[in-house]
Amino acid sequence: MFVRSFRSAALAALATTVALPAGSLPAQRALPTPASILGFEPGADRHLPSWKQIVDYFTAIDRASPRVSVRTLGKTTLGRPFIVAFISDSSTLANLDRYRQIQRKLMDPRLQAAGEREKLIDEGKNVILVTSAIHSNESGGFTTPLVLTDRLARAQDREARDILANTIIMLVPSQNPDGVDIVGDYYRSTLGTPAEGRDPPDLYHKYVGHDDNRDWYAFTQPETRYTVDSLYTPWDPQIVNDIHQQGSNAGRIFIPPYMDPIEPNIDPILTAATNGLGMSIVWRMTNLGFTGIGSNASYDQWSPARQYSLYHRGARLLTETASARLATPIDIPFDQLGAGRGYEAKTVSWNFPSVWPGGKWTYGDIVRYQTAASWALFLDAAMNRRAWLEGYAAQGDRALGALPAWGRDAWPSAIVIPKSQPDTQALRRMIWTLQHGQVEIRESTAPATVDGKTYPAGSYVVLTKQPFGAYAKTLLERQQYPDLFDYPGGPPKRPYDVTAHTLPLLFGVDVAHVMGAAPATGAPIKEIAEPTYTSVLSGKSAKRIALFRPSASEPIDAGWTHWILDVYKVPFTTITEKDLATGAPNDRFDAIIFPDGTLGGGGRGGRGGRGAAGGGGGDVFAALDAFANNGGSILAFNSSSSAMIEGLKLPVKNVLAGVGNNDFYAPGSILAVEIKRDSPIARGFAATVPAIWFENGPAFEISDPSVATAVASYPASGNPLLSGWLLGGSKLNGKAALVDVKHGRGHVVLYGFRPQYRGQSMATYPLIWSAIQ
Ligand SMILES: [Zn+2]
């Protein structure tokens, strides 16, 4: 049963409905409850709130409670209000700007007057950002914030008073409001049918679906920008409480420490703070009777794509609570519980101190776990406010102190970015991207010589000795992911996500790392504007383009392709297998794009969108065969290229088909290729260091060179890895990464990679445009 309202954390653990005695809280009686706005208790079986109901509650509580101040930060991709609730003592909320200035000074020692630090630490608050429900099928995420806000607005107990007095909580009730309704509307429309509790067939964000939580350094989506621009940048919170859900069949909740590896540019203070806070939450929840809590499991601390705060002074406490079927309960007998990565849910271990006994698991249970974990986090933040602020200030000292700021590896003193680049849009995007993450960009005041090459005065310079110098370093250097295996001689230990994030390689921008004395520079330059992106196809294209997606499920890569076409203003039409099976596509289109995961059933190169089932049967390939023969262009990305080879019987072989992970492994890495610059498909390709984004892709061998041409190939010898992790790289030597196959009067272009990876691999976009041009 769900706890309706609570006066102490102990009551929460009892999981009983608690009614407050009438008249016990006279000053607070006018506060609206979530149920009075929703019409049901938050967490009630089979009742998901709509975004309007959630906004209505926050609007009402903003009016009624002096402890809650709600702001709208902008409109979402589909036009809904994106909101944040500031929660603290009324006296703190009345002076928010003063506390923001204290926070700013603590962050940057250059702003502190002599002897001022102690006073700042005495007066400052522990600032906590809660980002909830970035993944919209994790339905507790957009429900728990209602319960937390109600409790903080209403409570008079000691715990609540400590939290309100010592912290400023910035609560984002959903990082993707559009998805609350995309998932909720589908759920409500399928109640009582076999589809009840399933994910909708469309992505739950117009463009990026689940990848909205892979956008925390590229800032491609407005929702990411609202949180970064209005919350991270002005506040740089000490703690981020990131509320998620995981699968149903292992632990009930994951709480950090994270599993290895740890990205080396993360300040060790934050790794230690994350570990300490995580264990404090596990301890408090165990005190209250919660079970099935796993740590040091599944989730690593590698990528700024998810871990933005770990590069901006804030510990990120990711929690992942077991899912039900959206708001529909499930039953999991104990003997069907399985293993998480790093623990076994039927066995007690140091990082899994108590087993959950199995049985019914509900939406209300999810909210109860998430609420308890958040409350324990708030309590630790309140009680250890001084230690959090001391560690926060110490990070500022280290960022501006001697290099290396930590560790033993030599750090560059600066990275020089020449203004003369093969692609000026890419240069502008890189400078804009870095500045958007609070990186200071300067200009050199004298010529600088690096590795024998001289860069003129006025070149861009990023000093690593600056408040977020380690963040800049991680985005500008090449990642060296450690060789990790499940056991000696065993398979590679799968990373949680990808392993590389090197912007100069992804964007195709030349940079030079300065080891030794930094060049002379002026003050940081003003923020530049994001460029307007254009391509040869932008505007009113003469080419009629179709973007394919299977009707059953929209892969994320199709969403990203949609995004890039929209950003570059390239007109197109979305089609499904039905359009191909019934129509005469040459009458309607000149080119059809098949993103990763849209065709075929997988195999190597099979990972596309989460849960996506590729389309394509005999009818589809018959139609595509005719389309190319009649002069059409077919573009197939990553796994779809393997399916296209089989479906159209192309004279090309995927040499990685059937190769196991022990022999070849590249779980999201940047690889070197050589480009055949005189190929029409390489028109517009400008990068000095040709690099492609490779993630579980195929690699090609051409069996009939009279019709198939390699446009991009891996080097004939040596390790093709530029950034990230690659095992068995010699399997790629001399193989093709991009092949142009003549097919009748048209052609089929096979990309053994994702040329538009998450809206980031800008260097390889021209390989798309030119294949259509
Ligand atoms: Zn999630």
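A salt bridge is a side-chain nitrogen of Lys or Arg within 4 Å of a carboxyl oxygen of Asp or Glu. The legends below describe close-up views of a predicted model.

**View 1. A salt bridge joins aspartate 590 and arginine 544.** The closest N and O atoms of this pair are 3.1 Å apart, which is within the 4 Å limit. The two residues lie 46 residues apart and link distant parts of the chain. Aspartate 590 sits in the loop between helix 19 (585–588) and strand 23 (591–594), and arginine 544 in the loop between strand 20 (512–514) and strand 21 (545–548). Aspartate 590 is partly exposed, at 22% relative accessible area. Arginine 544 is partly exposed as well, at 35%.

**View 2. Arginine 46 and glutamate 196 form a salt bridge.** Their closest N and O atoms are 2.7 Å apart. This pair also links distant parts of the chain, with the two positions 150 residues apart. Arginine 46 belongs to the loop between helix 2 (34–38) and helix 3 (51–64), while glutamate 196 belongs to the loop between helix 9 (177–190) and helix 10 (222–235). Arginine 46 is partly exposed, with a relative accessible area of 38%. Glutamate 196 has a value of 7%, so it counts as buried.

**View 3. A salt bridge within helix 8 connects arginine 158 and aspartate 162.** The closest N and O atoms are 3.5 Å apart. Because the two residues are four places apart in helix 8 (residues 158–166), about one helical turn separates them. Arginine 158 is exposed at 58% relative accessibility, and aspartate 162 is partly exposed at 22%. The count for the whole model comes to 38 salt bridges. Elsewhere, Asp108, Arg110, Glu440 and Arg442 are linked in a network of salt bridges.

**View 4. Two histidines and a glutamate coordinate the zinc ion.** The donor atoms are ND1 of His135, two OE atoms of Glu138 and ND1 of His244, at 2.1 to 2.4 Å. Along the chain, the donors follow the spacing H-x2-E-x105-H. The angles among the four donor atoms run from 56 to 150 degrees, and the site is irregular. Histidine 135 is buried, with 3% relative accessibility. Glutamate 138 is buried too, at 6%.

**View 5. Leucine 434 is in the largest nonpolar core.** This core has 198 residues, and those with the most contacts inside it are Met285, Phe378, Ile417 and Leu434. Helix 12 (residues 363–383) gives the most to the core, with 13 residues. Beyond its neighbours within four places in sequence, leucine 434 is in contact with Ile417, Val439, Ile441, Val462, Leu475, Leu476 and Leu503. Another core, of 29 residues, lies apart from the 198-residue one. Among the residues of this other core are Phe548, Ile634, Ala643 and Leu650.

**View 6. Four strands form an open antiparallel sheet.** The order of the strands is 16-19-15-20. Strand 16 (442–443) and strand 20 stand at the edges with a single partner strand each, so one side of each has no neighbour in the sheet. Strand 15 (residues 414–417) and strand 19 (residues 460–463) pair in the antiparallel sense over four bridges. Isoleucine 415 has valine 462 in strand 19 as its bridge partner.

**View 7. Histidine 743 lies in strand 32 (residues 736–743).** Histidine 743 is buried, with 12% relative accessibility. Its C-alpha atom is 5.8 Å from that of alanine 628, although the two residues are 115 residues apart along the chain. Leaving out residues up to four places away in sequence, histidine 743 touches Asp625, Ala628, Asn629, Leu648, Leu650 and Val748.

**View 8. Two cis peptide bonds involve proline 257 and proline 261.** One joins proline 256 to proline 257, with omega about 20 degrees. Proline 257 is in the loop between strand 6 (253–254) and strand 7 (259–262). The other runs from aspartate 260 to proline 261, with omega near 5 degrees. Proline 261 is part of strand 7.

**View 9. Aspartate 451 and arginine 758 have a positive phi, although neither is a glycine.** For aspartate 451, phi is about 50 degrees. Aspartate 451 lies in the loop between strand 17 (448–450) and strand 18 (453–455) and is exposed, at 78% relative accessible area. For arginine 758, phi is about 45 degrees. Arginine 758 lies in the loop between strand 33 (746–751) and helix 22 (766–772) and is buried, at 3% relative accessibility.

Note on methods:
Residues are numbered from 1 along each chain as its sequence is written. This is a predicted model: local features need pLDDT of at least 70, side-chain atom pairs count only at pLDDT 80 or more; totals for chains, interfaces and linings use all residues. Side-chain values use heavy atoms; hydrogens and water are left out. Donors are N, O and S atoms within 2.8 Å of the metal (3.2 Å for Na, K and Ca); water is not among the atoms, so sites may look incomplete. Four donors count as tetrahedral if all angles lie between 85 and 135 degrees; four count as square planar and six as octahedral if opposite donors are over 155 degrees apart and all others between 65 and 115; anything else is irregular. Buried means under 20% relative accessible area, exposed over 50%, partly exposed in between (1.4 Å probe, protein chains only). A nonpolar core is a set of buried Ala, Val, Leu, Ile, Met, Phe, Trp, Tyr and Cys residues joined through side-chain atoms within 4.5 Å. Contact means heavy atoms within 4.5 Å. Two strands pair if DSSP finds at least two bridges between them.
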